[in-house]
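Q: Got a minute to go through this structure with me? I'd like the sheet, a helix and some salt bridges.

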Amino acid sequence: MVIRKMNSVFHRHGRWLFAIITLVIIFTFVGFLTPGFRSLFVREGHEALVGTVFGQEVTYAEMRQQAKLDQLAMALSYGQPLNSNISERIWENAFSSLGQIAAAKKCGIRVSDKQVADYIAKLPTLKGTDGKLDLQKYKDKLKEVRKNGYSATDLDTAIRLLLLRQAYNAQVMNNVIITDNELKSFYNFFLEKTTVKMAEFKAADFIGKVKLSDQDIETYFAANHGRFILPAEYRAELIAFPLKNFAAAAAKQVTEERLKEFYAANKADFKTAKGKLQPLSKVKKQVTARLVKSLSSELALNAAQVFATELYDMLDEVDATEQYKTFADKVKSKKIASIKTAWFKSNEVKIGDVESAMLVKQITLIERELPISDAVVTEDAVYVAYLLDKKESRPAELKEVKAQVIKELKNLKSIALARETAGKIALKIAQSKAPGKLIAAKVYGFKAVEPFTRRNLPYGPNAGAIVQESEKLAVGKASMPIDTARGALIIYVEKRTSPDSKNFAKQEQLIRSYYRSMKVRAAQSSSANWWRSNCKFLENKKK
């Protein structure tokens, strides 16, 4: 009945229905119980009420039984191992299953014993070498079913209810009817070519016109003071373990077997510009160099980690006032060079000549009690850092962020100016008796957009606005300003061109397939909305 009514609506209505059909399609067969549903229900016994389905009360026991049957059906159908523990996904969809089963029964759908038997006989996991049902495999499956707390009756019921839901979904799909006139209307709608012009009012084009007074700047800063926060600053001493110092030792570890393994694991790096993999014999020199560098990195990292661990233990044993001396003595005894950095901010990616966002992050994680970082690998070395000093993050003073404040305020005012200009032009076009002439005038900046159809939509950052606004506009009409992140747009529909009717026969099969899939999804959505509206979930209620 639901499908028949829907088909009559499709038959009676025209263009507007095609325009909104894709918006009607919603996520149909996704469980409408939220993730973590299991935690919403207090399990106070098998008779606890969880909701109603088409006016019939559903208990926790009934929902749990449905979840078990769904899990059994899934395991049998897809050859998955049986598990007596109900998965979270199966549990969350159990209430939906009950609703869909009830809907199928309301529609008079039934599943015969023969259908159940035929389905089981065709399961790939139960077939023998001759392609027919293997009775021994079937008996083994029954043993597995019983071992996991199910019965032979459960197996029959699980398949029967699965087939019931499949039959219901098939009925929804099969009841979708497409008439010849309807298909031709959709063809004209779907392949209609729309020609538009667009004027874009970018803030960047107006920023030169923005004038700011000191009072403007101070007022904006005061109103947004909480957003202008200076990041924490750090000063550290870096200990470097250059990879080149470990290259000789790394080279000694290179073997033919390692070269082959490294080459196999990194084939994408040894392809030509055209994507052809070069043989190892041809790129052996490059592979060797890459492997030596990789092994050097491993050796350097190991040395740095040993150093950091030893130093960490030493610093843990001394008073805070003695920590830096302990660190300096350790560095001196190991004859390792160190580098004292200037102040750098927590949001930077470079410390002096060392470019490494990870090193910056590791330094920001250092606790004052034990001011040593983890080892960090970079392109040319592995580093360990000792924290010398830190300035905490704090609200900025205007003089410290004045340039940023000016930039933000100018950007906001230029956006406002762009939108204000767009509004004035849009009003002038709307009041004009010959808007086409104004659109053609170069002073307004309208440019042609590549003509598009609903099959081949436009591309680019403004594509969505172009399509949406053009659907609302008649030919020869312009839109009101459409706000964008960068300013505003005005869309003008110049013309619409219907597709050549002579090409309908050539494209009929493709158009029919596309349109049918749209109607099927719409029908599935309508059907799901119907049975879902008759399913009520009750939180924490007892019977």
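A: What follows is a quick walk through selected parts of this predicted model.

Q: Start with the sheet. What is the strand order, and is the pairing parallel or antiparallel?
A: The order is 2-1-16. It is an open sheet of 3 strands, and the pairing is antiparallel.

Q: Which strands stand at the edges?
A: Strand 2 (56–59) and strand 16 (535–537) do. Each has a single partner strand, so one side of each is left without a neighbour in the sheet.

Q: What is the average twist from one strand to the next?
A: The twist averages 25 degrees.

Q: How many bridges join strand 1 to strand 16?
A: There are 3, with strand 1 covering residues 49–53. Strand 1 is joined to strand 2 by 4 bridges.

Q: Which residue of strand 16 does Thr 52 stand opposite?
A: Thr 52 faces Lys 536 there. In strand 2, Thr 52 stands opposite Glu 57.

Q: How many residues lie between strand 1 and strand 2 in the hairpin?
A: There are 2 residues between them. Phe 54 sits in that turn, with a positive phi of about 50 degrees.

Q: How many residues of strand 1 are buried?
A: 5 of the 5 are buried, so strand 1 is largely enclosed by the rest of the structure.

Q: Which helix lies across strand 1 and strand 2?
A: Helix 4, residues 60–78. Helix 4 runs at about 70 degrees to strand 2.

Q: Switching to helix 9. Which of its residues are buried?
A: Helix 9 spans residues 180–190. Its buried residues are Glu 182, Leu 183, Phe 186, Tyr 187, Phe 189 and Phe 190.

Q: Where do they fall, seen down the helix axis?
A: They fall within an arc of 165 degrees, so the buried residues line one face of helix 9.

Q: And which residues are exposed on the other side?
A: Asp 180 and Asn 181 are exposed there.

Q: Now salt bridges. How many does a search of the whole structure find?
A: The search finds 25. One of them pairs Arg 227 with Glu 408, with the closest N and O atoms 2.5 Å apart.

Q: Where do those two residues sit?
A: Arg 227 is in the loop between helix 10 (214–223) and strand 4 (229–230). Glu 408 is in helix 16, residues 398–431. The two are 181 residues apart, so this pair links distant parts of the chain.Q: How accessible is Arg 227?
A: Arg 227 has 46% relative accessibility and counts as partly exposed. Glu 408 is partly exposed too, with a relative accessible area of 22%.

Q: Next pair. What does Lys 293 meet in a salt bridge?
A: The side chain of Lys 293 meets that of Glu 379, at 2.6 Å from N to O. Lys 293 lies in helix 13 (residues 280–316). Glu 379 lies in the loop between strand 10 (376–377) and strand 11 (381–391). The pair therefore ties together parts that are 86 residues apart in sequence.

Q: Is Glu 379 buried or exposed?
A: Glu 379 is exposed, with a relative accessible area of 56%. Lys 293 counts as partly exposed at 37% relative accessibility.

Q: What about Glu 508 and Arg 512, how far apart are they along the chain?
A: They are 4 residues apart, about one turn of the helix. Both lie in helix 19, residues 504–533. Their side chains meet in a salt bridge of 3.1 Å, N to O. Glu 508 counts as partly exposed at 26% relative accessibility, and Arg 512 does so at 28%.

Q: Which residues are joined into one network by salt bridges that share partners?
A: Glu 192, Arg 454, Glu 471 and Arg 496.

Q: Last one, Glu 355. Where is its place?
A: Glu 355 is in strand 9, residues 354–355. Glu 355 is exposed, with a relative accessible area of 60%.

Q: What is Glu 355 in contact with, leaving aside neighbours within four places in sequence?
A: Val 349 and Lys 350.

Q: How many Å separate Glu 355 and Ile 120 in space?
A: They are 63 Å apart, C-alpha to C-alpha. In sequence, Glu 355 and Ile 120 are 235 residues apart.

Conventions: Residues numbered from 1 in each chain as written. Predicted model: local features only at pLDDT ≥ 70, side-chain atom pairs only at ≥ 80, totals over all residues. Heavy atoms only, no water. Pairing = 2+ DSSP bridges. Axes fitted to C-alpha atoms, helices over the stretch in contact; angles between N-to-C directions. Contact = heavy atoms within 4.5 Å. Buried < 20%, exposed > 50% of the residue type's maximum accessible area, 1.4 Å probe, protein only. Arc of directions from axis to C-beta. Salt bridge = Lys/Arg side-chain N within 4 Å of Asp/Glu carboxyl O.
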